[in-house]
Amino acid sequence: MSIFLSTDLKYLQPYVPGEQPQDRRYIKLNTNESPFPPAPGAVVAAAEQAANLNLYSDPTCLPLKRAAADVYGLAPENVMAGNGSDENLAHIFRAFLTDKGIAFPDITYGFYPVLCSLLGIAHKVVPLRADFSIAVGDYKDVDCPVCIANPNAQTGIYLPPAEVQRLIEQSASRLVIVDEAYIDFGGQSCAPLVNKYKNLIVVQTMSKSRSLAGARVGFAFACAELIADLEAVRASFNPYNINRMSMAAAAASLSDSGYFADCTKKIQLVRQYTAINLNELGFEVLPSMSNFLLARHPAKGGEELYLALKERGILVRHFGDERIKDYIRVSIGTREQMDAFLGAVRAVIAEDV
Ligand SMILES: *Cc1c(COP(=O)(O)O)cnc(C)c1O
């Protein structure tokens, strides 16, 4: 730490992303990326824009906003586009939380507490129930804004829209942020509700279901008043926040609903196949509506499994949090990748008998 660092950042604990190791080839099942390439039209559109990189990108982002809004029958005024949903989350936290604080579950996306420490936002943790579900009633007396991921990060557990609406309706003067990074793998989005509820912001990303993690594009959906506030923050931070290649790739991807439906359907089928096989190997698997599974084995600790699989060229994610330290999180890849994963798991478990 240099002597020049601002004192309020002395204890900043930066977000630790899943490994992206370069030392050898792994079957990467650790960061919930898509195993499929971007939509063909997205690759072409990005390549075309490479020749125009001498020019700034469109600061209004209007064609991309329109394409995202169309998916849910909304207007461009209901959308902000960001350099990944992480950037949108930062703008939301900056715009609406610095004087109010925020509440979120104990087990969820690790970026929320990091943003709080970066921006000096007080946060309150509401524990998930013993079965790792979100109980909406637990938020009844929470008077600061609430953020949930749905399906939830690390667990994959889905909260049905009726429950999300109950959460939103607990107080019209309390903001609710719903992070739908994993909604396209079988869930139903709450984005169409943003005009009904003026206290709702829905956050989505193209990183997982749209195979564009490397492009960095995400969206925030909300009523026009909330989006106007957010756009003011965005324009004050980085008005050209999405580069030309990513903007073109994202718009092209949104126009190819067939490819999207095909990829997300495949992930759901392979998820079911993987869960059944893990069950047969003695694992307890949480019910997931996302593109990953959180699972634990009675005879092998989470870290032990993670390390043994890594040795065999398979990367999964292990979290040190007390409540989930016995688990591994495995992203859903192709059927072939999951067969390789299941084969390695079988071998690791057999070592002990
Ligand atoms: C992956 C993820 C994000 C971040 O998405 P980017 O668009 O890649 O920044 C946000 N929230 C949750 C819950 C995620 O899992």
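Here are a few notes to help you find your way around this predicted model.

1. Start with the make-up of the fold. If you count along the protein chain, you'll come across 10 helices and 12 strands.

2. Next, the overall dimensions. Along the principal axes, the C-alpha atoms take up a box of roughly 60 × 50 × 50 Å. The radius of gyration of the protein chain is 20 Å, and that agrees with a compact globule, because a globule of 353 residues would come out near 20 Å.

3. Now for the domains. The assignment splits the protein chain into domain 1, made of 17-36 + 258-350, and domain 2, covering 56-255. So how far apart are the centres of domain 1 and domain 2? Taken over C-alpha atoms, the separation is 26 Å. The two domains do touch: 23 residues on the domain 1 side are in contact with 26 residues of domain 2.

4. A word on inside and outside. Buried residues make up 52% of the 353 in the protein chain. As for the surface, about 15800 Å² is exposed, with carbon and sulfur atoms supplying 55% of that area.

5. Have a look at the contacts too. Take those in the protein chain with a separation of 6 or more: 72% of them link residues 24 or more positions apart.

6. Last, the charges. The protein chain carries 38 negative side chains and 33 positive ones. Where do the centres of these two sets lie relative to each other? They are 0 Å apart.

Definitions and conventions. Residues are numbered from 1 along each chain as its sequence is written. This is a predicted model: local features need pLDDT of at least 70, side-chain atom pairs count only at pLDDT 80 or more; totals for chains, interfaces and linings use all residues. Side-chain values use heavy atoms; hydrogens and water are left out. Helices (H or I, at least four residues) and strands (E, at least two) are DSSP runs, numbered from the N terminus. The radius of gyration is taken over C-alpha atoms; the globule rule is 2.2 Å times the number of residues to the power 0.38. Buried means under 20% relative accessible area, exposed over 50%, partly exposed in between (1.4 Å probe, protein chains only). Contact means heavy atoms within 4.5 Å. Accessible areas come from the Shrake-Rupley method with a 1.4 Å probe; for residues, only the protein chains shown count as cover. Lys and Arg count as positive and Asp and Glu as negative; His and the chain ends are not counted. The place of a charge is taken as NZ of Lys, CZ of Arg, CG of Asp or CD of Glu. Domain bounds come from an automatic or database domain assignment.
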